[in-house]
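Visitor: I would like to learn how to read a structure like this one. Could you walk me through it?

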Amino acid sequence: MSKILIIEDEAQIAGLISQTLQEMSFKTFVALDSSTALDLFDLISPQLVITDLVMPQVSGHELCAQIRNRKRSIPILMLTALGSTEDIVKGLDNGADDYMVKPFRIPELQARVRALLRRSASNTTAQISRLADLVLNHDTKEVSRNNESIKLTATEFRLLEYLMSHKGRLKARMEILEEVWGINFDPGTNVVDVYVSYLRNKIDKPFEKKLLHTQIGQGFILKE
């Protein structure tokens, strides 16, 4: 039975999330503040963390970083009332794997939890992905090319991980937007193009052979 840590300072919302997940046969643990959350995390070693962003004592961003330091591969879902594009990008860049905005729909929360746990289990089975001399470690979140370490933000890593899992296949912007940024994200944004550019500067620009290709008007493909 998967254990899920819920970090939420509003007891009523925490109770609703907990009850919803228990009905899915998950074992849930609730922390109403960041200090309790970190103690619980160390005690129970959960398979998934759901955290609010606005918390007493320590912000959700800082809490996310501290959790990542304890276990880099843990999936983290941010569930918060802060729903601007800037908030979502900042949350994902600071280590969240997914981001939902309150008020939320229970079926969507359930679907996202299942997806995060599926992805986590898949990454545990196949920890290393390779394309030419590009190597991605799903567990440690490390990336290298030609044996040179490449430092990526959390969002850049998630984008590369998605493209690596579909290497050789053309992926449309909307597909990438839904899978990497979540279905609540504004479909009018150019964030995919921006992050593809960031990623290309790191994994392609310093090297002669290019792996990340743009098909104009169609999308992007990672291939040799």
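Guide: Gladly! Let us begin with a helix: its expected span is 1.5 Å times one less than its number of residues. Keep in mind that this is a predicted model.

Visitor: What span should the 12 residues of helix α6 have, and how far apart are its end C-alpha atoms?

Guide: Helix α6 covers residues 154-165, and at 1.5 Å a residue it should span 16 Å. The C-alpha atoms at its ends are 16 Å apart, so the two values agree.

Visitor: How many residues of α6 are buried?

Guide: The idea to carry along is that buried means under 20% relative accessible area. In α6, 10 of the 12 residues are buried, and the helix is mostly covered. Among them are F157, L159, L160 and Y162, along with the charged residues E156, R158 and E161. As a general point, an α-helix has 3.6 residues a turn, so residues three or four places apart point the same way.

Visitor: Which domains make up the protein chain?

Guide: The chain is divided into domain 1, residues 3-121, and domain 2, residues 128-222. Their C-alpha centres lie 25 Å apart. Where the two meet, 16 residues of domain 1 are in contact with 17 residues of domain 2.

Visitor: What lines the largest pocket, and which residues lie nearest its centre?

Guide: This pocket holds about 490 Å³ of space. Its lining consists of 22 residues, with R72, K141, L152, T153 and A154 nearest the centre. Each of the two domains gives at least three residues to the lining. Looking at elements, α3 (60-70), β8 (142-145), β9 (148-150) and α6 each supply at least two. By chemistry, the lining divides into nine charged, seven nonpolar and six polar residues.

Visitor: Now a single residue. Is L48 buried or exposed?

Guide: L48 sits in strand β3, residues 48-51. L48 counts as buried because its relative accessibility is 0%, and the cut-off is under 20%. Leaving out neighbours within four places in sequence, L48 is in contact with nine residues listed here in three stretches: K3, I4 and L5; I74, P75 and I76; and V113, L116 and L117. Sequence distance and spatial distance are separate things to read: L48 and S2 are 46 residues apart along the chain, with 8.0 Å between their C-alpha atoms.

Visitor: Where is F220, and what does it touch?

Guide: F220 belongs to strand β11, residues 219-222. F220 is buried, with a relative accessible area of 2%. Beyond residues up to four places away in sequence, F220 touches R169, L170, K171, R173, I176, V192, D193, V196, H213 and T214. For a C-alpha to C-alpha distance, take F220 and I150: they are 70 residues apart in sequence and 21 Å apart in space.

Visitor: And the backbone? Which residues other than glycine have a positive phi?

Guide: Two to look at are S25 and A132. S25 has a phi of about 75 degrees, and S25 lies in the loop between α1 (11-22) and β2 (27-31). For A132, phi is near 55 degrees. A132 is in the loop between β6 (128-131) and β7 (134-137), and at 38% relative accessibility A132 counts as partly exposed.

Visitor: Which peptide bond is cis?

Guide: The bond from K102 to P103 is cis, with omega near -5 degrees. You can find P103 in the loop between β5 (98-101) and α5 (106-125).

Definitions and conventions:
Residues are numbered from 1 along each chain as its sequence is written. This is a predicted model: local features need pLDDT of at least 70, side-chain atom pairs count only at pLDDT 80 or more; totals for chains, interfaces and linings use all residues. Side-chain values use heavy atoms; hydrogens and water are left out. Helices (H or I, at least four residues) and strands (E, at least two) are DSSP runs, numbered from the N terminus. Buried means under 20% relative accessible area, exposed over 50%, partly exposed in between (1.4 Å probe, protein chains only). Contact means heavy atoms within 4.5 Å. On a 1 Å grid over the protein atoms alone, a cavity is a set of points where a 1.4 Å probe fits but cannot get out, and a pocket is an open set with protein on both sides within 12 Å along at least five of seven lines; lining residues have an atom within 4 Å of a point. Grid points are joined across faces, edges and corners, and a volume is the space filled by probe spheres set on the points. Domain bounds come from an automatic or database domain assignment.
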